[in-house]
Amino acid sequence: MEYAEVEQAVHAPGLRLVLTAGVPGPWGETAKSLFDYKGLKYLPVRQEAGGENTALMSWTGQSSAPVAVFDDLPPVCHWLDLLHLAERLAPSPALLPADPAQRVEVLGLSALIAGVDGFGWQRRLQLLAPAMALAEPPISIQRMAGKYGWSEQAAAQAGERMQGIAALLDQRLAAQEATGKHWFVGDGVTAADFYWANFLGMVHPLPADVNPMPDYLRGMYSSGAQDSARWLTPRLLDHRERMYREHIRLPLEF
Ligand SMILES: N[C@@H](CCC(=O)N[C@@H](CS)C(=O)NCC(=O)O)C(=O)O
């Protein structure tokens, strides 16, 4: 994928999406897939994982990715604001149901996957652990550990929390299946389905022919397979397969 630099993007019109270049970061991959689903075109802008990202910091007030900026609206970097921006720019096809009860479910499940302390957050605590155990962890790792609340104690409880979330998602799908439905909520695909499909890659990456990620990261994401075998059901995997078959473009480009 070709990226503009932040300095160029600041003055560009329309929708700009800051992404961690060269890797399939789950928050960024989800943002891309939500925008693609709605047919929203954007200018990809480079962020460096764990870098200082000073130009990004002065543009958006923070240094992580993804960040979406539309025209002269304020930059949005939280998953929920990104989702709402997508809904606002292209209300159809909707990713949030109009029905309030279903909306609560979609937002709740999405927060459990992508939000603070959710599945992706817990997995990141685990992924940072080996480097944080070094006598002198690299500065990029220390930066991320600080930003995302890493501690030995937090990392130690991450597996259990991931298992709890996965169990809930599996139950949800089982209940839906019993009434002949494939998605987490209601009759059609919603944001929650996009979050799960993209975040499962943090423990079980898609194969190299459709996900040409760097080997070092594939190794990190795939580590802990024994742990995830406790909760990674065929149903959760099938859901992801269906998402990529029907709603998310392959091969991944980053
Ligand atoms: N702000 C986002 C989360 C963004 C996020 O966690 N980004 C990570 C993706 S792994 C990132 O940019 N990491 C690299 C870095 O912090 O430099 C949200 O809560 O919705």
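Here are some short exercises on this structure, each with a worked solution.

The model is predicted, with local features needing pLDDT of at least 70, side-chain atom pairs counting only at pLDDT 80 or more, and totals for chains, interfaces and linings using all residues. Residues are numbered from 1 along each chain as its sequence is written.

**Exercise 1: the sheet**

Work out in what order the strands of the open sheet run and which strands are its edges.

Solution. Start with what a strand is: helices (H or I, at least four residues) and strands (E, at least two) are DSSP runs, numbered from the N terminus. Next, the order: the open sheet has three strands in the order 2-1-3, and the pairing is mixed. Two strands count as paired if DSSP finds at least two bridges between them. Now the edges: strand 2 (43-47) and strand 3 (67-70) each pair on one side only. From one strand to the next, the twist averages 25°. Finally, zoom in on one pair: strand 1 (residues 15-20) runs antiparallel to strand 3, with four bridges. There, L17 sits opposite A68 in strand 3.

**Exercise 2: helix 2 and helix 4**

Find how helix 2 and helix 4 are oriented and which residues make their contact.

Solution. First, get the angle: helix 2 (residues 26-37) and helix 4 (residues 79-89) have axes that come within 10 Å and cross at roughly 10°. (Axes are lines fitted to C-alpha atoms, for helices over the stretch in contact, and angles run from 0 to 180 degrees between N-to-C directions.) Then name it: helix 2 and helix 4 are therefore roughly parallel to each other. The scale is: under 35 degrees roughly parallel, over 145 roughly antiparallel, 65 to 115 roughly perpendicular, and the rest oblique. Now the residues: W27, A31, L34 and F35 of helix 2 meet W79, L82, L83 and A86 of helix 4. Contact here means C-beta atoms, placed from the backbone, within 7 Å. Last, sort them: eight are nonpolar, none polar and none charged. (Ala, Val, Leu, Ile, Met, Phe, Trp, Tyr, Cys and Pro count as nonpolar, Asp, Glu, Lys and Arg as charged, and the others, Gly among them, as polar.)

**Exercise 3: helix 9 and helix 13**

Do the same job for helix 9 and helix 13.

Solution. Helix 9 (residues 158-177) packs against helix 13 (residues 234-246) at about 75°, and the axes are 9 Å apart. That makes helix 9 roughly perpendicular to helix 13. On the helix 9 side you'll find A166, L169, D170, L173 and A174, and on the helix 13 side R235, L236 and H239. Sorted by class, this contact holds five nonpolar, one polar and two charged residues.

**Exercise 4: helix 5 and helix 10**

Describe how helix 5 and helix 10 meet.

Solution. The axes of helix 5 (residues 100-114) and helix 10 (residues 191-199) come within 8 Å, crossing at roughly 15°. That makes helix 5 roughly parallel to helix 10. For the contact, V106, L109, S110, I113 and A114 in helix 5 face A191, A192, Y195, W196 and F199 in helix 10. Of the residues in this contact, nine are nonpolar, one is polar and none is charged.

**Exercise 5: unusual backbone spots**

Locate the cis peptide bonds at P66 and P93, and the positive phi at D71.

Solution. Take P66 first: the bond from A65 to P66 is cis, with omega near 0°, and P66 is in the loop between helix 3 (54-60) and strand 3. Next, S92 and P93 are joined by a cis peptide bond with omega about 0°; P93 lies in the loop between helix 4 and helix 5. Then D71: its phi is positive, about 45°, although it is not a glycine. D71 belongs to the loop between strand 3 and helix 4.

Conventions. Two residues are in contact if their C-beta atoms, placed from the backbone, lie within 7 Å.
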